[in-house]
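Reader: Could you walk me through this one? I'd like to learn how to read it.

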Amino acid sequence: MLLREVEYARPASVEEAVRFLSEHDGARVLAGGQTLINVMKARVASPDLLVDLNGLDELKSIDLAADGTLSLGSMVTYSELIASAEARARPILGEVCAQIGDVQVRNRGTVGGNVCSNDPTNHLPPLMVALGATMHITGPNGDRTVPAEEFFLGVYMTAAGPGELLTKITVPPGKSDGFASVTIGKDGTCIVNAAASVNGGIRVAIGCVEAVPMLLKADSADAVRAAVQNANFDPPSDVHASADYRRHLAGVVAARATAQAQGKS
Amino acid sequence: MDIDVTVNGERYERNVEPRKLLIHFLRDDLDLTGSHVGCDTGNCGACSVIVDGVLVKSCMMLAVQADGSTVETVEGLAQDGELAGLQQAFSDHHALQCGYCTPGMLMSATALLRLNSHPSEDEIRKGIQGNICRCTGYVNIVEAIKAAAE
């Protein structure tokens, strides 16, 4: 399909990318393009300028610090993360990325794109919230960090505002994590998903039920079930699942993710 | 925008609009019509090609993004008029019915076998997960890839 006319810039540095983004109304980051190019075909998004980050190697590194903190560049693809020895420090990351789309999509789609598009059915927003990740944002006024649980603001909206760019995500050390979903076909779009992480208490983040991942904290699996019930989510109804069924599934996937995180599945 | 792309070993210098998808550049500008446009939404994989060694769907990439890259399409598989082993295996195993998905299947299988020369059936099915055969002829496609790996 022919896209609407668009200009294209290939910045040589993050600084230059931020300049393009902040100086042009209608500029938009082109990361892996596995969502954006399709929504451009459908004219749902019509940016005037695409700022292609694919040439920026500084956004493509995966580093493991001595204290176990994992740093993921925003332009790391799912396939690169799956293949990364460093990323195995937090195995759930690779396990979840292997469930996204298919080989071709995983080869192009990026970690940063997944969180910044913040489609409520995406895998990584609830995962990053459950893991207590930190988002590193740079913009015309310098760098700042935002905890994942404050990064997701609404459907397709995040704390990375106009002119800003997510450069990396840092994930604290830990291994007791879980992820569960009910999808439309194997590895398809999530109907409901949940990520859980045990570190003292249990953090469970549920996706697809509200505009942003819903974080619940509990100290036992039973308390997770009760917290999901008490949360009384108001999920959308569609051809794949009614709101009632989604609400039910939220409890199911939260329990499954928690069991995996506790090593009980 | 001027781009310089090597496709199947041949270098092309062309001027393209940024909005042109890689699949349309290959088909319309270079007349390499082996790669197909199926769904045009990134689901079917008929447009799959290999860019710098990485399997991608060329309907979800801009032609300008391939600037400086090496692209492999289905036209590059046969050498000197001889079918590649994988192509011969598709023929021998009747791994195509209408044939529309075949170029994408061949590129996905090519990429898979480079990474994993002896994939299990499960790995083969995972490897072609991004390619849809609407004739549902998957059994023979899997058989062909298995045979080509042997």
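Author: Let's start with strand pairing: two strands pair if DSSP finds at least two bridges between them. The strands themselves are DSSP runs (E, at least two residues), numbered from the N terminus. This is a predicted model, where local features need pLDDT of at least 70, side-chain atom pairs count only at pLDDT 80 or more, and totals for chains, interfaces and linings use all residues. Residues are numbered from 1 along each chain as its sequence is written, and chains are lettered from A in the order in which they are written.

Reader: Okay, so how many residues sit between the strands in the hairpin of β11(A) and β12(A)?

Author: Six, and in that hairpin A:G185 takes a positive phi near 80 degrees. The two strands, β11 (residues 177-183) and β12 (residues 190-199) of chain A, run antiparallel and are joined by seven bridges. For instance, A:G178 has A:A196 as its bridge partner in β12(A).

Reader: Is β11(A) mostly covered or uncovered?

Author: A residue is buried if 20 or more other C-beta atoms, placed from the backbone, lie within 10 Å of its own. In β11(A), six of the seven residues are buried, so the strand is mostly covered.

Reader: And how many residues of chain B are in contact with chain A?

Author: Contact means that the C-beta atoms of two residues, placed from the backbone, lie within 7 Å. Here 20 residues of chain B contact 23 of chain A. On chain B's side, strand β4 (residues 54-57) gives the most, with four residues.

Notes. Buried ≥ 20, exposed ≤ 12 C-beta atoms within 10 Å, placed from the backbone.
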